[in-house]
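Please examine the sequence and the three-dimensional model shown below. The paragraphs after it offer a guided reading for someone meeting this structure for the first time.

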Amino acid sequence: MGISYDERNMSFKLDTAKVSYCMAVADGYLGHSYFGKRISDDASQLLRIKEAPYTPDKNARDKLSFMDCFPMEYPTHGTGDFRGDALKIRTAGGHRVCELRYASHEITKEKKRLPGLPATFGDKAESLKIKLADEIAGVEAELNYSIFDDNDAVMRSVSIKNVSNEDIYLERVLSAAFDMDNREYSLITLNGTWARERHIDIYPIGKGFHGVSSNRGETSHQHQPFIGIASKNISQETGEVYGVHLVYSGNFQATVYNDQFDRLRVMSGIGEDDFEWKLSPGEEFVAPEVVLVYSSEGLGGMSRTFHDLYRDHLIRGKYRELPRPVLINNWEATYFDFDDEKLVKIAEQAAKSGIEMLVMDDGWFGNRYDDNRALGDWTVNEEKLKGGLGKLTERVNALGLKFGIWFEPEMISPDSELYRAHPDWAIAVPGRKAGLCRNQYVLDITRKEIRDYVFDAVAKVLDSANIEYVKWDMNRQLADLGSLELPADRQGELSHRYVLAVYELQERLITKYPDLLLENCSGGGARFDPGMLYYSPQIWCSDDTDAIERLAIQEGTALIYPLSAMGAHVSDCPNHTVGRNTPFETRGYVALAGTFGYELDITKIPEADRKQIPAQIKMYHRYHELVAKGDYYRIASYHENRLWDAWMCVSKDKKEALLTFIQVVGRPNHHSRIVRLSGLDPDKKYRLLSFDMENAEEKIISEVCLKGDTLMNAGLVIPQLWGDNKGLLIHLVSEG
Ligand code: GLA
C-alpha cells in the first residue's frame, strides 16, 4: 500500500493491496489514467496525449477537440469538455468558464477529517492532496485522495477556494469524476419507493447520460447515492465492478456518460438541483467524500470491501464492536394506541422471552394521538404515560430491559404548541403556503436558535430518564425551500446547509451521550446512506417488515452495507404492509441478517410464535458475531430467480460460516437443491450443524464432515422444504 509520485512523468499512483489508481499531469491538465486491478507501472501512457488532435500547446487550433476527449480528473465547465463536468462556477461578471491547471501536490501519512461532514477515518492511512488552480477566475481546487492499509477502497473529496477579490458562486461541485474506456459495461443502481427500498437494477450502458439522483432533500426511498459499473456477465464472485458511493445524506447525483468514442465518464457528488453556494473572497467549500471501490472478484468482492470499510473506518461509538441489544419496538404492536400499562405488559412478556430492550415509538409526546399533530412538542403525554418517563423507564428497567425512545426532531406539525408559538420556524417561501407531507412541515434547523431548540428538547427528554437508545426518524421530503435568514444570493444553500445541520445535531447528540445507541430512520429507509452511518451504527432498513419483501431489500442494502448496519425486526402476520403470512421461524432467519429485534405485540401473537422467541434470541446470540463481523457471500437471489434466496456469513479466519437458505416457493415433485457454497477455506473440513428451534440448540446434521473445496465446487444438498416461505440455517464449523 502506498502513494507515489514520479517526477519524470508527473504521475501519481495510489496502490492498495489489490487496486491501483493512477493520474498524471499532461500540459498542465490533471488526467485520469487508470483505476483497476493493481499494476506495476504508472499507466501515464493511457492518457493518449500523443493521439490526434494532440495537446493544446502543440496544436491550439484544436484545443476543443482535445478538451472533449482528454480524461480529465476533475472536469470543469465551459472549456470544451462537453461530457459533463464536476465544477461549475459563476463569477461576479456572470461567467461560468473555469479551467483548472495543476499547481502543486502533497503526500502525507494521515487522513484528515472533513470539517462538518461525515467521512471515513483511520490511523494507518496515506493521503494525496493535489492543488489545481484557475488564476483568471481566482479559483483553487484541492483534490484529496486517501487509502487505508487494510482496505482496497480509494476515498476522494474536493474543496474549492475563492482566491479572487470578488464573490464567486458555485453552481455545481461534484466530489469525484473519472474516465475510462467502455468495455460493454452495465450500470448497477439501487432503486425503490417507500416499503420497497434499494432493489437492485442492472442494465447496459447505452450512449449518453445515465444514473440516479435525489432532489428530495434527503437520500430518498427512490435512489441510493451509489452506482456500480460492472463488466458483462458479472457474477457474485467473477467479473469486474466499480462501486461509487457518496458519503452524504441529501440531494445527490451519480452519473455515467457514455461518449462518442465509447468512453465513460463517471461522476458523483451533491445534486445540483437546489444547490448554489456563494464563496466570498478567501472562503472555501468542502464537498463530501466519495468512496471508490474496484473489484475483480465480482459483486461479492465489491460488497466485502465496502462492508469492511464501513465497519472499520466509518461507524463509530461503542456499539461498533458490541452486539446490539435485542429490542422490541411497539410501532406495529400498538401504533398510537398505547399507554404505560400496555407498554409495561409488553415489556413484562418481552423480559420473560429474553428480549433486552423496549423501544417506545411514535406517540408518547404532546397530544400525539395520531400522525396529524404534535411534532415539535417533545414533552411527555402524561395522560398516556402516567407518572412520566422516569416512572416508565424505572418499571421497564426493573424488568431487566433497557429503554429506548423515538423522536422526529427535524419536524413540526401545524397543530402543535411549537408551531403556534413559532409559525416562522418551518421551511417555507415567504408569502407562500408550504405543502404538507404526513401533515407536517420541516423545521429550518439551518437556523441556530431552531437547532438549539431541537437539541435541547431532545436532551431534556434524555436527561429525564434512563434512556439508552434513540430512533431518530425523518418522515418527509423537503420542498418549498425558503429561508428567512439567508440573503437572496444564498437561498440556494439551504438544502446543503440543512444536511450540515442534521450532521451537527447528531454529532452533538453522540458527543453528549457517548453510550447511546442511535438508530437513524426515515419513513423506513429513505436516509439509509453512509453519511448517517457515521453517526449511527444502524439504520432502519424499511417500514416493510415482511420477511419475503425484506429479501430483496436486504440483498440490495447488503450489496454495499454491512449486515450489522441493517435494522431488521420480526413482525406479526399477516404482515401489516403486504398481508402475507410467513412462518415465525423464517421471519427470524431473515431478521438475523440485520440487527435483529421484534416489532409486534408480544402479548397478542399466537402462543406458538411467542414460545419460539427465546430460541430465536439464543440463535441471535449464537450467530450474531458471525453475521455482524464476518464476510458476506450472496449465494442466490430471490429478486432474480423468484424462487429462493441464500447468503452466507463466513468468519474472517474461515473457521466457521452460516448459510441462510430461504425457499420462497415450494414446488411439487422436485428434487432437493444442490447449493454451491462460497468463501470457505478449500482445505478445511467443516462439520455441518443446524439450529433446532424446538430445543434452542444446534444439532449435527451428519457425522460426515466435508471439505471446503467439496462444498464450494460440488455443493451441499438442501432438501425440498414443505411449503412456501420456509427457511433453514446451516452452521459450518471447521474441525481442528
Ligand atoms: C416511520 C418509521 C416507522 C415508525 C413511524 C412512526 O414511518 O419508519 O418505523 O417509527 O415513522 O410514525
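The text that follows turns first to the division into domains, then to the contact between two of them, and finally to the ligand.

The structure is a predicted model. Its protein is divided into three stretches: domain 1 covers residues 2–313, domain 2 covers 327–629, and domain 3 covers 634–734. A reader may begin by locating these bounds along the chain.

Domain 1 and domain 3 deserve a joint look. Their C-alpha centres lie 40 Å apart, yet the two domains do touch, with six residues of domain 1 in contact with four residues of domain 3. The area buried between domain 1 and domain 3 amounts to about 390 Å². Carbon and sulfur atoms give 39% of that area.

What polar links are found between these two domains? One salt bridge is counted between domain 1 and domain 3. The side chains of Asp308 and Lys652 meet in a salt bridge, with a distance of 2.8 Å from N to O. Asp308 falls within the bounds of domain 1, and Lys652 within those of domain 3. In addition, the count of residue pairs in polar contact between domain 1 and domain 3 is two, both at pLDDT 80 or more.

The ligand is the next place to look. Which residues come nearest to the ligand? Of the 13 residues around it, these are Asp361, Asp362, Lys471, Gly524 and Asp543. The shell of residues around the ligand comprises six charged, three polar and four nonpolar members.

Three of these side chains can be followed to individual atoms of the ligand. Asp361 places a polar side-chain atom 2.6 Å from an oxygen atom of the ligand. For Asp362, a polar side-chain atom likewise lies 2.6 Å from a ligand oxygen atom. In the case of Lys471, the distance from a polar side-chain atom to an oxygen atom of the ligand is 2.7 Å. On its own, the ligand has 310 Å² of accessible area, and the protein covers 97% of it.

How values were computed
Residues are numbered from 1 along each chain as its sequence is written. This is a predicted model: local features need pLDDT of at least 70, side-chain atom pairs count only at pLDDT 80 or more; totals for chains, interfaces and linings use all residues. Side-chain values use heavy atoms; hydrogens and water are left out. A residue is near a molecule or strand if one of its heavy atoms lies within 4 Å of it. A polar contact is a pair of N or O atoms within 3.5 Å; within protein, one must be able to donate a hydrogen and the other to accept it, and residues adjacent in sequence count only if both atoms are side-chain atoms. Accessible areas come from the Shrake-Rupley method with a 1.4 Å probe; for residues, only the protein chains shown count as cover. Ala, Val, Leu, Ile, Met, Phe, Trp, Tyr, Cys and Pro count as nonpolar, Asp, Glu, Lys and Arg as charged, and the others, Gly among them, as polar. Domain bounds come from an automatic or database domain assignment. Contact means heavy atoms within 4.5 Å. Buried area is the accessible area (1.4 Å probe) that two parts lose on being put together, summed over both. A salt bridge is a side-chain nitrogen of Lys or Arg within 4 Å of a carboxyl oxygen of Asp or Glu.
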